[in-house]
Every structure is written in C-alpha cells, then in structure tokens.
Amino acid sequence: MSGEYATYHMLDSDILPLLKDNVVIINAARGEITSTTALLEGLKSGKIWKTVIDVWENEPYIDKDLLKHTWIATPHIAGYSIDSKAIGTAMAVKSIADNLSINMPEIEIKGIPEPKEAEITCSTTGGCEQMIADLLLFAYNIREDDARLRQSPATFEKQRGDYPVRREYGAFTVLCPSEYSDTVLKFGFKVKPV
C-alpha cells in the first residue's frame with residue numbers, strides 16, 4: 001500500500017479471502033480503511049463473524065445494511081471522553097505555545113465533572129474475566145451508544161455534537177480483593193483493596 005491514501009480499503013474484497021474464518025473486525029481508526037462492500041460480503045458469507053465499528057465509510061451517511069449487520073456500532077465517538085477532550089485541548093495549547101516560543105507552565109486540568117458513581121464495588125463471583133467485563137461496561141456502557149445510533153442513524157452528527165459526558169476508567173476507583181488489583185490497574189482504574 002502506498003500513495004496519498006495508502007490505507008484506503010486495506011480490507012477490501014481482494015483481501016477478504018485471505019482472512020481466517022470467523023474473524024472479528026474492529027474499526028476505530030478511519031472509516032475508509034474498510035470497504036463497506038467487503039464487510040457486508042464477509043458478514044453475509046460468514047467469513048467475518050462480527051464487526052465493531054466506530055468509524056464508517058462515507059460518514060455521516062452510514063450504510064444502513066452494514067449497521068444492521070454490525071455487532072457494536074457507534075457514531076465516531078471513541079475519543080469523546082471528556083478526559084480525552086481536556087487532554088487534547090491542553091496538548092494543542094502547549095504545542096501552539098511551543099511553536100510561538102511562549103514559555104508556559106504545565107497545564108493542570110481542573111473542573112472535569114466526577115462520575116455519578118465514582119466508586120465501583122466489583123463482584124468476583126463470575127471470575128476475573130467477568131469482573132473486568134462488568135467494570136468496563138459500568139464505566140462506559142457502549143451498548144447505550146449502539147442503541148442511540150441504531151435508533152436514529154440519520155442523526156449521526158447530532159449524536160456526536162450532543163454526546164453525553166463520559167469519563168475514562170481512571171476516574172473510577174474499584175473496590176476489589178487485592179488478588180485482582182494488578183489486573184484492574186492494567187485497565188486504568190484506580191484501586192482500593194477490600
């Protein structure tokens with residue numbers, strides 16, 4: 001792959017037969033990396049088991065058939081946590097200051113709203129994997145974004161513009177047994193052993 005748009009349709013109908021059977025395709029990078037036609041072909045033939053799509057070819061005018069066949073669908077909001085917006089803004093200000101040779105102190109991010117429930121008591125009854133799945137969905141229930149997009153794909157841009165406040169995992173403290181602490185920390189949560 002080369003040229004100005006080297007990643008355009010990296011996954012297309014020519015690549016599809018080269019994939020192992022029953023793959024899961026996740027696209028949170030750029031919509032045009034995957035061909036909508038190839039994704040549908042793969043999903044309908046069973047070559048692709050599931051797709052998780054945040055970025056879509058031709059967005060905001062997303063393909064309704066692909067939406068119907070997609071396991072988890074979101075309206076290009078992977079980087080839409082309030083934390084990432086604040087950090088991105090601070091990075092942009094710092095970069096501008098550096099380019100203008102303005103000596104600035106380190107930017108301290110303040111005033112981000114706390115999550116409604118900042119402490120999470122984890123259940124370990126289903127084992128470590130189930131505990132992590134429960135924590136991830138508690139901190140960010142991706143199914144809510146999926147439901148909104150499916151209910152109204154025509155409001156793709158509005159959903160992005162009116163996106164609800166979402167915090168990253170580091171805003172949550174997990175109350176859990178110490179044997180799970182390292183695993184929970186690896187996902188970015190804070191931990192309070194119980």
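**Exercise 1. List the residues outside its sequence neighbourhood that V52 is in contact with, then place V52 in the predicted model**.

Step 1. Neighbours within four places in sequence are set aside; V52 is then in contact with I25, I26, N27, T70, W71 and I72.

Step 2. The model is a predicted one, and in it V52 belongs to strand 2.

Step 3. The relative accessible area of V52 is 16%. Buried means under 20%, so V52 is buried.

Step 4. One of the contacts is also a pairing: V52 stands opposite I72 in strand 3.

Step 5. From strand 2 the chain passes through helix 2 (residues 64-69) to strand 3, and this β-α-β crossover is right-handed.

Step 6. For a long-range check, take V174: 122 residues separate V52 from V174 in sequence, and their C-alpha atoms are 27 Å apart in space.

**Exercise 2. Work out the strand order of the sheet and state which strands stand at the edges**.

Step 1. The sheet is open and has 3 strands in the order 1-2-3, with parallel pairing.

Step 2. Strand 1 (23-27) and strand 3 (72-73) each have a single partner strand, so they stand at the edges and one side of each has no neighbour in the sheet.

Step 3. Count the bridges. Strand 1 and strand 2 are joined by 5 bridges, while 2 bridges join strand 2 (residues 48-53) to strand 3.

Step 4. Look at I53 in strand 2. I53 is the bridge partner of N27, and I53 also stands opposite A73 in strand 3.

Step 5. Add the helix. Helix 1 (residues 36-45) packs on the sheet and touches strand 1 and strand 2; its direction makes about 140 degrees with that of strand 2. Strand 1, helix 1 and strand 2 together make a right-handed β-α-β unit.

**Exercise 3. Identify which residues of the largest nonpolar core touch the most other members, and which element gives the most to this core**.

Step 1. The core has 16 residues, and those touching the most other members are L39, I48, W56, L66 and L149.

Step 2. At least two residues of this core come from each of strand 1, helix 1, strand 2 and helix 2. Helix 1 gives the most, with 3 residues.

Step 3. Take I48 as an example. Beyond its neighbours within four places in sequence, I48 is in contact with L16, V23, I25, A38, L39, G42 and L43.

Step 4. Keep the other core apart: a second, separate core of 13 residues includes I120, C122, M131 and C176.

**Exercise 4. Is T74 buried or exposed****, and which face of helix 5 is buried****?**

Step 1. T74 lies in the loop between strand 3 and helix 3 (82-99). Its relative accessibility is 4%, so T74 counts as buried.

Step 2. With neighbours within four places in sequence left aside, the contacts of T74 are I53, D54, W56, Y140, I142, D145, D146, L149 and F156.

Step 3. Three of these, D145, D146 and L149, are the buried residues of helix 5 (residues 142-151).

Step 4. Seen down the axis of helix 5, the buried residues fall within an arc of 100 degrees, so they line one face of the helix. The face turned away from this buried side carries the exposed residues R143 and Q151.

Step 5. The buried residues of helix 5 pack against helix 2, strand 3 and helix 6 (156-161).

Notes
Residues are numbered from 1 along each chain as its sequence is written. This is a predicted model: local features need pLDDT of at least 70, side-chain atom pairs count only at pLDDT 80 or more; totals for chains, interfaces and linings use all residues. Side-chain values use heavy atoms; hydrogens and water are left out. Two strands pair if DSSP finds at least two bridges between them. Helices (H or I, at least four residues) and strands (E, at least two) are DSSP runs, numbered from the N terminus. Contact means heavy atoms within 4.5 Å. Axes are lines fitted to C-alpha atoms, for helices over the stretch in contact, and angles run from 0 to 180 degrees between N-to-C directions. A crossover is right-handed if, with the strands pointing away from the viewer, the path from the first strand over the helix to the second runs clockwise. Buried means under 20% relative accessible area, exposed over 50%, partly exposed in between (1.4 Å probe, protein chains only). A nonpolar core is a set of buried Ala, Val, Leu, Ile, Met, Phe, Trp, Tyr and Cys residues joined through side-chain atoms within 4.5 Å. The arc is that of the directions from the helix axis to the C-beta atoms.
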